[in-house]
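Work through the exercises below with the structure open. Each one sets a task and then gives a solution in steps.

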Amino acid sequence: MKDHTQCGETPTYGKSLEASRDLSADPFVILSNQPAEATRRDFLSLMGFTLAAASLTGCSRGLAQKAIPLAASSDRLIPGVPNWYATTCAGCSAGCSLLVKTCDGRPVKIEGNADSPLFGGGTCAVGQATVLSLYDDERLRGPLWQGSDTTWEEIDRRVMDGLSAARAKRQKIVLLSGTLVSPSMRNIVGQWARHPDFRHIVYDPISMSALRNAHLKSFGRALVPHYRFDHARLIIGLEADFLGTWLSPVDFARQYAITRNPENASYLSHHIQFESGLSITGANADLRIPVVPSMLGSVAVALLRRVAARIGMRDFPPGPDPLPHEMALDAVGDKLWKHRGESLVVSGVQDVSVQVVIAALNAFLGNIGKTINLSRPSLQRMGDDREMEQLVGDMNRGEIGALILCGVNPAYDYAEADRFLEGLEKVPLSVSFSDRRDETSSHVHAICPDHHFLEAWGDAEPVDSCFSLAQPTISPMFETRAAQENLLRWLGQSGNYYTYLREFWRNNMFLRQSAIQNFDDYWDQTLRTGVTELPSQMSGHSTEFHGPWREAAQTIIESSAPLTPSSNEINDRYELHLYESVGLRDGRHANNPWLQELPDPITRLTWGNAAAISPGLAKKLDLQSGDIVVLKTEHAKLEIPVFIQPGQEARTLSIPLGYGRKQVGTAGTKVGVNAYPLARIVDGVRRYSAKNVAIEKTGKHEALAATQSHFSIEGRPIVREMTVAQLVPTAAAAETQGEAASSLWPARPEGDHSWGMVIDLNSCTGCSACVIACQAENNVPVVGKREVIRNREMHWIRIDRYYSGSEENLRSVQQPMMCQHCGRAPCETVCPVLATTHSSDGLNQQVYNRCVGTRYCLNNCPYKVRRFNWHEYSQNPEYDYTMESPMGRMVLNPEVTVRSRGVMEKCSMCVQRIQSAKTAALQAQRSVRDGDIQTACQQACPTQAIVFGDLKDLNSRASRLRRNQRYYHVLEGLGTLPNVGYLAKVRNPLTT
Amino acid sequence: MTGVSIPSKSQFHQAPMLPPPKWVEGDPSLQEITDDVLRPMEGLPGRAWWICFALSAAALTMGLSMIGYLFSKGIGIWGENNSVGWAFDITNFVFWVGIGHAGTLISAILLLFQQKWRTSINRSAEAMTIFAVMCAGLFPAIHVGRPWLAFWLFPYPNQRGPLWVNFRSPLVWDVFAVSTYFTISLVFWYLGMIPDLATIRDRATNGIKKLIFRWVSLGWDGSHRTWSRYEVVSLLLAGLATPLVVSVHSVVSMDFATAVLPGWHSTIFPPYFVAGAIYSGFGMVMTLLIITRNTMNLERYITMRHLEAMSKVLLLTGSIVAYAYLTEFFSAWYNGNIYERYTFFSNRLAGPYAWCFGIMVLCNVLTPQMFWFHRIRGSIPALFVASILVNIGMWFERFVIIVLSLHRTFLPAEWGMFIPTIYDVGILIGSFGLFFTCFLIFIRVLPMIAIWEVKGLVGELRVHDRLVSNLRTLRADQEDGTQEAACA
Amino acid sequence: MGVNQGYSPDQPIAFSHKIHAGDNQVPCLYCHYAARKSRHAGIPSASVCMNCHSMLEKQTADIEKLKESVAQHRPIVWIKVHNLPDFVSFNHSQHVLSKVPCQRCHGAIEAMDRVKEVSPLTMGWCLDCHRQHAGVATSNLKRAVESLSERPKPVPGLDCGKCHY
């Protein structure tokens, strides 16, 4: 049985990779002479053997199940008892600190590390999904030379020959990497840099070099500041989706939620968002003003003008305001002035002058050092677009002797990918650390696959002096090798990266702290907690603003001279806005089926991207969602379906990046359209917007896989909203009515607990981390585009989105919806076979093995949260996503049954976690305490919008929130008495 | 003046003896009746029969193969989804159960009410009931996600604790209702056939046939004792079957009435469904009878009067159904519940499936109203078309109730559409194939008209004629007597 | 259906619980140490056996096999006797910590030379035990009657979701 699936001991604190490797040699597996039957719990060992579920079919006698113990037992490794390891996420450059749950040696679940000062316990959807990428079948099994398998010795020899050849020819050796958040890695690169011919170029597909350059001009240092939204009472965003994708969303969402807590109304922040396409940040704003991308600069100027006037700065370059929002701008200007020093203006606009103006705005408002931290800047997004531009030129001129690609894929995400590839042809030695054959690595000489970060040692410093360590949670599954180790070896240094890392920490971090004297203790301690924060070393830098703000403002005013409506150009000329999608981000995770099937929080689209257009534009051009159009800019053209998006700026098309990979794997290849070619470099920075875009209809149509088709709430009291004014200061509304409603059914036995959940609609940003967390925890299958189009996605928790208000001031609200665990559940009375019943502690339980699949419960569920297995989604070649290949099946949580076709499933409130918490309490001879149990969705939530607890315990957090005045039940009138409730969303209109 | 008082001429003419309605035309001899009814069984089938049989058998085969595919792949091959959990499957189930009702009504209730006109149609109507219920039973069995476990819907002792079925679930009630219904109808039908089976036995020339029918006619000897017992038993069974006419479809309607969905959650469903069932049932009976009487030349026994009587039943039940529709809309408007109002006024009238609602109204509300006109009641083609429309309309009624209520429920975020796949349609057609195949075989191998009952009717006519002639002679004698008195 | 009461397969090594647990009084949890902490009782690895057998000089063919497996670092492939359907999550530690004697389910294991499945391991069998301990009637009829009069008592482990998830 699963009970004994076991795959060797995982490396633990202070243990080197080598020490851990041997154990995976004797897996503890269950062999079987019968194929797994799929409703059954699914167990498989590291080697991917599955277990027979002989027992149910009753013929288990005669076919013996084998039980193979560990060859050598260990007190650290008890079959069936999960181990937890602290490590650091490499899903993006934010470097969130993680705890990884390994069951029987397999990492199966990722959680946020609550000890992290930056991120709390939060994670994002991508971080949650990275555990699946570990088991990606497309990963290379070993190094390749010229596309054919080879040995590491061979690779080392050839690469070092190539490098010395390049040095001999005095040609440049270039390391092209993404932003390196790892201090030890930066140190290794530093060692390379001692060679004169070496150059390290940082290339971020989603670049912030405009921001960096602006800070160079304004404060003398090219950096990305660390923003403190939690210190801001007025937040103004210009095209910066800081809750979804911008810079460090988990960190920012956590900070943001702090200032949005209505229970603390005295410190309730206002949030105004100027943006062209609707982002989840805009959806959460108190006031969202649609602005065409080319006018964002002049919005910034208009605000600066108002502030400058207040502080008596004359000679401000004259110019018109972006007309439509003048009134709003005045109001915003006043508010900014009112909140001097506790306001924050952030912008994602890739335009140096705009960023200078923003910097000036923050400086004049005295936000530097308060909401903007320059002395401990963020160390992410260090890329400089100019350098990359130059490199491509050098490559084409044949000046590059060797090119080492580390974590980058320019052939996909560089604007002029073809030029890059041409250049690459001319490079005598090209090496990639990519873990697969992708658009770039399939053109290099040597592919040296790096470990997945869950297999690797490492460290990170996302924000200055905020360190976190990464340790392997499983021994490497293939013949891969750490990138750092390659770089060390090719420097001629022996020893593996682990020892290097240890030494590096001994000589740096250890010396910078004084708490622990013995390094081994310090190392173990840091590994255990995963994070450590040290005093900053960057001091004495001036935070004095001396930026050329007048010139910047001038250039903006000139560049965005208001287009005269008379010129017939305008009418058929539109603007383009490219953005990172919450699911796929910059596209590196495109082969992750979980992320491909994650509905975009705004459009709710899966398995592909589309150009969002406003309803007005759709009417004007007579377009339906799914109609394919051709977009023409001066550089490129793109064929893409359109999607009608309320709140979209009338003349702008917004396209998510990260799709349209040509070569990444079965799941991600040829899904959607690649919009990177439209992101050209303008005045040395990469622009994610474009003017003068022409739209041509093709007459073709494509079905879009959206998980929600109707966005109007139809005036139904499903989502409740209130304004700050409506909040009664010390009111504690009694528990909702209806509890006393009479019932036809006899009373049920009542246990010691009544598990319930409260979801704060005011804290929920819609980031969708919970969706993936739930999918990972509960073995929720991926069903693919065809099934999603047929409205058969399987997610147990979904995030419903509703719109209200006008186009100009769109009010958007998102509502996480999962099984409400009704006290009087309509589904329970109708199930003919008692497959769904009520537990004595308030759970609505679904028994898969009893379910015959009449779907009556699904029909009778008012919340429509039940999910039916229309097909066999596991071990079925037709659904080759996560549960088909032995590799993919390794991510399955052995504590949760894998459902077969024909059975109903739904949110179980993570009953397996409740069970293990109870057992833990029993082992500790105590009762379950509030907070012992965290559901997967709750744990993942960066804003702690979800609270689970025992409603019988009147002091549990959940119970207290149920007495909150904002508490309500969805569809209260039906008398279903849910154990899941919601806290109303609070609007904080600008007028207050 | 002596002698008994004999009614005078005038008195006699004032009290004429009305003949009973003629349910058999061109009063055939008993021998002829037997011949007419049994002719199809004894001769070889005609071309028309073979064509129909080929078609329906083909449909059945297709349906069965698609069901096979369904079992191998799962419910996913149908168009149902997270929003619409039931669609064609349960629509067809309710449709077929409804069809069944006419049979029981004709055989049981009309028997109790001594409606003579039922005699020549009840046999085929009962047969239809059996086959319809067979089709109906098919769908609940195949619509479950794991059909190989469908037997869990029956309560039986087990090792699980034990674990029983959920007696609160209307689906369990269905299981009982439909299985009882099938059993009773089957027994009733068979019992009604025994005398005729005996007749066949006696006429049979071929040894095997004789053997079989001897066996199935349970040694019927036609003695007075047998007949009297027989009458009693059929009355009893009629009494048993009668409540089923009402109960079965009431129970089926509770699948919906007990749910919380707007459009399902309605107290008028039981009577509404029963009326609809009888309506659709009679529609189907009429279709079948018009076909058979013309193909099997039984016009003598299935007369225009029969068809007219049935069209009147259609008119009545159709009007009840129309009234039910109105009531639904009224209560939706009157209770002011926004969800109810949306379901009926915004979605049924103006939603994406409004055309289904249109078809339903056209066929179930307007069509039966045509039967107010005698000319329409009297024209075979008109009746035939009308009966087909009734069937279509009633199928759509169930589709409207199920799918239009499901696809847009409480939370707009989960609204969806149902688009049938070829397997939805194919299995529906397959069920018709099953139905007609069974029926065609039935009219080949069993007497589709209750010979003994028809004979009974003709018998009555004979009695009436004899009575009239006796009176005539009596009157004649009396007149002679008065003349003699006058002479004296 | 699926009941394997009396199942008693041959094992690669004729390990006798009678000798170990019976005659020599080795406590169950010494070898099956996982049962205290884990869902699984766990089958001890050969190294656990060697804790004693490295000191005992008694030699048999089976002990040779054991030593060989340790030497070669290759696990012994045992035949599983007690197989639950894998949609059931049974947790040994909960029962061990609740002082349920192993014999309650596994029978007089200390008297068995070759392990035999003595219990049916059906759901009904589990529930009967749970009901007895909660003081609830095990006969359905009696329970039905009681449920009419008084509110049913909660029985630990009677919720479906306790084992099926």
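**Exercise 1.** How many salt bridges are there between chain B and chain A?

Solution. The model is a predicted one.
Step 1. The cut-off is a side-chain nitrogen of Lys or Arg within 4 Å of a carboxyl oxygen of Asp or Glu.
Step 2. With that cut-off, the count between chain B and chain A is 5 salt bridges.
Step 3. B:Glu80 and A:Arg855 make a salt bridge in which the closest N and O atoms are 3.1 Å apart.

**Exercise 2.** Describe the contact of chain B with chain A, and then that of chain C with chain B.

Solution.
Step 1. Chain B puts 57 residues into its contact with chain A, and chain A puts in 57 residues.
Step 2. About 4,700 Å² is buried between chain B and chain A, and carbon and sulfur atoms account for 53% of it. On the chain B side, the residues that lose the most area to chain A are B:Asn82, B:Arg146 and B:Leu411, which together make up 17% of what that side buries.
Step 3. Between chain C and chain B, the contact involves 9 residues of chain C and 5 residues of chain B. The buried area there is about 510 Å², with 50% from carbon and sulfur atoms.
Step 4. The salt-bridge rule finds 0 across the interface of chain C and chain B.

**Exercise 3.** Find the salt bridge of A:Glu399 and place both partners in the chain.

Solution.
Step 1. The partner of A:Glu399 is A:Lys172, with the closest N and O atoms 3.6 Å apart.
Step 2. A:Glu399 sits in the loop between α12 (385-396) and β15 (400-406) of chain A, while A:Lys172 belongs to strand β7 (residues 172-177) of chain A. The two residues are 227 residues apart, and the pair links distant parts of the chain.
Step 3. Over all chains, the count comes to 71 salt bridges.

**Exercise 4.** Are helices α4 and α15 of chain B roughly parallel or roughly perpendicular?

Solution.
Step 1. Helix α4 (residues 88-112) and helix α15 (residues 422-445) of chain B pack at about 25 degrees, and their axes are 10 Å apart.
Step 2. Angles under 35 degrees count as roughly parallel, so α4(B) is roughly parallel to α15(B).
Step 3. The crossing of α4(B) with α15(B) is right-handed.
Step 4. From α4(B), B:Phe88, B:Asn92, B:Phe95 and B:Trp96 take part; among their partners in α15(B) are B:Leu428, B:Phe432 and B:Phe435. By class, this contact has 7 nonpolar, 2 polar and 1 charged residues.

**Exercise 5.** Which classes of residue make the contact of α6 with α7 in chain B?

Solution.
Step 1. Helix α6 (residues 170-203) and helix α7 (residues 207-216) of chain B pack at about 150 degrees, with axes 8 Å apart. The crossing is left-handed.
Step 2. Residues of α6(B) in the contact include B:Tyr190, B:Arg201 and B:Asp202, and those of α7(B) include B:Lys209, B:Phe213 and B:Arg214.
Step 3. The contact has 5 nonpolar, no polar and 5 charged residues.

**Exercise 6.** At what angle do helices α5 and α16 of chain A pack?

Solution.
Step 1. Helix α5 (residues 183-192) and helix α16 (residues 497-507) of chain A pack at about 100 degrees, with axes 10 Å apart.
Step 2. The angle therefore makes α5(A) roughly perpendicular to α16(A).
Step 3. The α5(A) side consists of A:Pro183, A:Ser184, A:Asn187, A:Ile188 and A:Gln191, and the α16(A) side of A:Tyr497, A:Tyr500, A:Leu501 and A:Phe504.
Step 4. By class there are 6 nonpolar, 3 polar and no charged residues.

How values were computed:
Residues are numbered from 1 along each chain as its sequence is written. Chains are lettered from A and ligands numbered from 1 in the order in which they are written. This is a predicted model: local features need pLDDT of at least 70, side-chain atom pairs count only at pLDDT 80 or more; totals for chains, interfaces and linings use all residues. Side-chain values use heavy atoms; hydrogens and water are left out. Axes are lines fitted to C-alpha atoms, for helices over the stretch in contact, and angles run from 0 to 180 degrees between N-to-C directions. Helices (H or I, at least four residues) and strands (E, at least two) are DSSP runs, numbered from the N terminus. Angles under 35 degrees count as roughly parallel, over 145 as roughly antiparallel, 65 to 115 as roughly perpendicular and the rest as oblique. A crossing is left-handed if the near helix is turned anticlockwise from the far one by less than a right angle, and right-handed if clockwise. Contact means heavy atoms within 4.5 Å. Ala, Val, Leu, Ile, Met, Phe, Trp, Tyr, Cys and Pro count as nonpolar, Asp, Glu, Lys and Arg as charged, and the others, Gly among them, as polar. Buried area is the accessible area (1.4 Å probe) that two parts lose on being put together, summed over both.
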